[in-house]
Amino acid sequence: MLKQIKEKIVSAVETRIPELENVKEKVKVEIPKEDRFGDISTNIAFLLAKPLKKKPVDIASEIKKILENQPEFEKVEVAGAGFINIFLSPFFFHSILKKILEEKDQYGKAKERNRGRINVEFVSANPTGPLHLGHGRGAVVGNVQSNLYEYIGYKVEREFYINDAGRQIKKLGESVYARFRQIEEPDYPFPEDGYHGEYIKEIAQHLYKYEREKILSMVDENQAIDFCAEFAKEYLLEKIKEDLKDFGVEFDIWFSEKSLYTSGKVDEAIEFLRSKGLIYEKEGALWVKTTQFGDDKDRVIIKSDGSYTYFAGDIAYHYDKFKRGYDFVVNVWGADHHGYFPRLKAAVMAFGVPEDWLKVIFIQLVKLFKNGKEVKMSKRSGSFITLKELIEEVGKDAVIYFFLTKDSNTHLNFDIDLALKKSSENPVYYVQYAHARICSVFREAKEKFGFDPEEDFEADLTLLKENQERILMKYMTFVPDFIKEAGEKQQPHKLTQITYDLASEFHFYYNNFKFLVKEDENLMKARLYLLKAVRNVLRTLFKLMGITPLERM
């Protein structure tokens with residue numbers, strides 16, 4: 001909304017002060033930290049001081065007279081050396097309420113996906129076990145950030161990178177095969193670094209039931225292990241997909257790491273870098289000149305034994321993204337990858353992309369607490385609490401909201417007892433209760449007064465004269481700006497604060513004012529109109545987060 005207000009200010013001033021044409025791109029319109037300084041503030045007078053050869057405060061006084069005649073502005077004040085503080089008019093706020101009712105749960109969302117095409121890669125868990133809490137936090141952050149990008153006008157493709165190549169898959173096969181053999185031979189050795197947990201036994205039991213003869217007939221044990229590995233990988237990947245879908249997270253692309261090697265994409269990426277003079281041989285290995293792009297040292301991509309490094313696969317993966325033509329790409333990584341980012345960024349810049357083409361959002365650890373004590377163990381996984389277990393205990397909405405309460409690059413303590421509370425102490429209960437309260441008021445209006453607020457209706461919004469009503473209208477006016485800032489700064493956690501603040505203002509309004517005013521039907525309609533707008537904005541925020549707008553609680 002700040003953009004539209006800025007355009008209104010510039011348009012009004014430019015007709016009287018044509019010199020603004022050359023500096024209008026530098027005009028800033030901001031929300032003051034204190035209400036006494038107006039609803040918005042602008043630096044426009046300072047920008048005109050040089051071309052007009054006047055003091056900013058004098059120019060501000062001229063602009064004040066221009067803007068006072070605009071119906072959107074109720075009061076205009078000159079402050080300090082030339083800042084202009086503007087109080088928005090009821091006329092303006094009423095137009096916003098109408099816009100909110102028209103756009104429903106899409107309030108403020110860009111109408112076109114014309115800002116660019118981007119790729120957001122997140123979760124990308126090894127298909128060797130159930131999703132844990134870190135994966136869950138990454139899923140929430142990646143999905144909500146994708147929603148934010150779509151809200152502000154990007155076309156987003158969500159991608160899951162399947163780590164199906166390398167030692168971890170072999171280890172998965174060895175673990176399943178050992179459990180398979182132990183069904184008949186209890187003393188069969190289990191690999192020291194194998195994967196524990198009930199899920200490995202379940203896979204082994206399935207194979208024993210349906211594939212026993214086939215596996216036992218394999219003369220080469222490595223063949224049997226590879227068979228178990230492939231089956232277990234596909235089985236666990238399906239479980240991961242199911243868990244994510246139940247969590248409200250779905251992907252457009254599932255990209256196999258293994259395919260980079262089988263399709264020759266790793267060699268293709270290396271040859272591309274070689275063609276740019278960025279590959280050289282040293283000590284029998286192949287190196288890439290990442291130091292030319294800010295890395296602290298060059299990196300090996302093919303070892304002296306002829307095998308690829310993990311870095312070679314990552315380069316090839318991002319070269320593939322580069323060829324797909326994205327305007328930029330975003331990776332959501334665990335915090336343990338902090339040190340890896342500079343070298344990958346250097347390699348990616350070798351493709352010829354801008355420095356900020358690759359963006360990374362880091363996810364810190366989640367610790368779970370119950371009855372004041374940390375919860376660490378899970379029987380099913382053998383070492384960690386799974387995402388599915390947490391969702392089953394506290395519900396999807398609570399998990400999403402709590403994962404978003406802090407910046408993803410800070411540690412998060414998840415309090416199960418708080419997430420289960422049915423009171424205002426629980427933030428997700430608090431915000432959902434605001435929505436449910438409005439639905440309750442609407443049901444009562446229909447039952448007691450025969451008036452259905454769910455249908456389209458007109459209202460005399462000039463009757464909304466209470467200060468709390470103005471506060472609500474003002475806050476909702478700038479929610480799209482708050483959302484836009486969260487999206488552009490990659491701060492999806494800000495959505496919880498925006499939602500909580502709106503819910504808080506509504507709860508104050510609910511506790512102090514009467515909506516179903518029997519003696520004044522016009523006032524009742526005006527207030528129900530306002531409530532409908534609040535509900536729509538809450539739904540917009542809930543939709544971005546993936547939280548359910550409950551109608552009864």
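How many residues does the largest nonpolar core have, and which of them have the most contacts inside it? This is a predicted model, and its largest nonpolar core has 161 residues. The ones with the most contacts inside that core are Ile-5, Ile-9, Ile-63, Leu-67 and Phe-414. Among the helices and strands, the one that gives the most to this core is helix H19 (residues 521-545), with 14 residues.

Let's zoom in on Leu-67. Leaving aside residues up to four places away in sequence, Leu-67 touches Ile-9, Ala-12, Val-13, Phe-73, Val-76, Ile-84 and Ile-86. There's also a second, separate core of 20 residues, and Leu-172, Phe-190, Ala-204 and Ala-232 are included in it.

Now for a strand worth a look: is E11 (residues 328-334) largely enclosed or not? Of its 7 residues, 6 are buried, so the rest of the structure largely encloses strand E11. E11 pairs with the two strands in this table:

| Strand paired with E11 | Bridges | Direction | Example pair |
|---|---|---|---|
| E5 (residues 116-121) | 4 bridges | parallel | Glu-121 with Asn-331 |
| E12 (residues 358-363) | 6 bridges | parallel | Val-332 with Ile-361 |

In the pairing with E5, Asn-331 is the residue of E11 that partners Glu-121. Over in the pairing with E12, Val-332 stands opposite Ile-361. As a rule, side chains in a regular strand alternate between the two faces of the sheet.

What do E11, helix H12 (residues 341-349) and E12 make together? They make a β-α-β unit, and it is right-handed.

Methods:
Residues are numbered from 1 along each chain as its sequence is written. This is a predicted model: local features need pLDDT of at least 70, side-chain atom pairs count only at pLDDT 80 or more; totals for chains, interfaces and linings use all residues. Side-chain values use heavy atoms; hydrogens and water are left out. A nonpolar core is a set of buried Ala, Val, Leu, Ile, Met, Phe, Trp, Tyr and Cys residues joined through side-chain atoms within 4.5 Å. Buried means under 20% relative accessible area, exposed over 50%, partly exposed in between (1.4 Å probe, protein chains only). Helices (H or I, at least four residues) and strands (E, at least two) are DSSP runs, numbered from the N terminus. Contact means heavy atoms within 4.5 Å. Two strands pair if DSSP finds at least two bridges between them. A crossover is right-handed if, with the strands pointing away from the viewer, the path from the first strand over the helix to the second runs clockwise.
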